[in-house]
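I opened a new page for this structure and set out to look up its overall build first. Single residues come after that.

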Amino acid sequence: MIETYNPRWLVGLLQAGDSYYPTGAYAHSFGLEGLVQAGLVRDRTTLRDFVFLSVLPALRQAELPLAAHAYAALDPVSPDWARVGELCGLAHALKSAREARLATENIGRQRAELTASLHAHPLATGYLSRAAAHGWPFATPVSAALEGRVLGAPLEAVLAGCVYAAIAGVMAAAVKLLRIGQNGSQSLLTEALAQAPELIAAAQAVPLDEIGWFNPWLDIAAARHETADSRMFIS
């Protein structure tokens, strides 16, 4: 039974989305550093283009639909484990660049293991045991759905947490890679977060066989970044 306004799940989601939460996300730029090195993102205007033409569409067509379908499959009363495994594989297949797959694997694994260790919920331990038995890759959106189910959070709140974490992660990297400043990054973060209601509504309407977003511009930059002579972030 989900209680829509329950401080318990709210503080739990805030904890999971905080930079203090040890998921290792701070070590990743999610493709931004490669675009900066290529000269494609160089100031607030081009960063805004990247956020609105790549980050937000990827959330709407891939990350949020994956989390929504995983949330449905992880029904605590009757989990659809076969569908969960399918979504884990799909989440990895959608990451063309090797380090992008590595990022979702590492962050997803840490989030799932933290959920199991901090909350001792049978759904979390069941997920970890099946992932180990079947060799499922870990994926950030699936682990976000798992966190939400364990905390008893409604789907919309879980997806809102995914939106914030994705955009804030890019902004945190941007202030280190660009001359944008804290106020400039916060104003752009606010502008992007204002799109959350439309993103969340649209993502919930994406059927399983239409999940996906492809940006060769980002994938090529990420692949080149992997072998750069010097870099600040893993990806």
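Entry 1, the order of elements. I read along the chain from the N terminus and noted the run α-α-α-α-α-α-α-α-α-α-α. My tally for the protein is 11 helices and 0 strands. I also wrote down that the model is a predicted one.

Entry 2, overall size. I looked up the box that the C-alpha atoms fill, and it is roughly 50 × 35 × 30 Å along the principal axes. Does the radius of gyration agree or disagree with that of a compact globule? For 235 residues such a globule would have a value near 18 Å, and the protein has 17 Å, so the two agree.

Entry 3, burial and surface. I found that 48% of the 235 residues of the protein count as buried. The exposed area of the protein is about 11,400 Å², and carbon and sulfur atoms supply 56% of that area. I then turned to contacts between residues with a separation of 6 or more, and 81% of these join residues 24 or more positions apart.

Entry 4, helix α3. I followed this helix over residues 44–73 and noted a kink of about 50°, centred on L59. At its N-terminal end I found a cap, D43. A side-chain oxygen of D43 lies 3.3 Å from the backbone nitrogen of T45.

Entry 5, cysteines. How many disulfides does the count come to? I noted 0. C88 is in no disulfide, and the nearest cysteine sulfur to it, that of C162, is 14 Å away. Why is the sulfur of C162 not bonded to the one in C88? The gap of 14 Å to this closest cysteine sulfur is too far for a bond, because a disulfide needs the two sulfur atoms within 2.5 Å. I looked up burial for both residues. C88 is buried at a relative accessible area of 0%, and C162 is buried at 14%.

Entry 6, E147 and R111. I placed E147 in helix α7, which covers residues 140–151. Is E147 buried or exposed? Its relative accessibility is 4%, so E147 counts as buried. Leaving out residues up to four places away in sequence, I listed A16, Y21, R111 and T115 as what E147 touches. I went on to R111, which is found in helix α5. R111 counts as buried too, because its relative accessibility of 12% is under the 20% cut-off. Beyond its neighbours within four places in sequence, R111 is in contact with T23, T140, S143, A144 and E147. I also checked R111 against S129: the two are 18 residues apart in sequence, and their C-alpha atoms are 15 Å apart in space.

Entry 7, Q15. I found this residue in helix α1. Q15 has 39% relative accessibility and so counts as partly exposed. With neighbours within four places set aside, the contacts of Q15 are Y21 and L118. I looked up its separation from P216, which is 201 residues away along the chain, and the C-alpha atoms are separated by 34 Å.

Entry 8, W81. I placed W81 in helix α4, residues 81–93. W81 is buried, with a relative accessible area of 16%. Which residues does W81 touch, not counting those up to four places away in sequence? I listed L74, L123, G126, Y127, R130 and W136. From W81 to Q186 I noted 105 residues in sequence and 39 Å in space, C-alpha to C-alpha.

Entry 9, positive phi values. I noted F30, a residue other than glycine, with phi near 55°. F30 sits in the loop between α1 (7–17) and α2 (32–37). At 33% relative accessibility, F30 counts as partly exposed. I noted A120 as well: it is not a glycine, yet its phi is positive at about 45°. A120 lies in the loop between α5 (98–119) and α6 (122–134). Is A120 buried or exposed? With a relative accessible area of 64%, A120 is exposed.

Technical notes: Residues numbered from 1 in each chain as written. Predicted model: local features only at pLDDT ≥ 70, side-chain atom pairs only at ≥ 80, totals over all residues. Heavy atoms only, no water. Bend = angle between axes of the 7 residues up to and from the residue. Helix = DSSP H or I, 4+ residues; strand = E, 2+ residues; numbered from the N terminus. Polar contact = N/O pair within 3.5 Å; in protein donor to acceptor, adjacent residues only side chain to side chain. Rg over C-alpha atoms; globule rule 2.2 N^0.38 Å. Buried < 20%, exposed > 50% of the residue type's maximum accessible area, 1.4 Å probe, protein only. Contact = heavy atoms within 4.5 Å. Areas by Shrake-Rupley, 256 points an atom, 1.4 Å probe, with all protein chains shown as cover.
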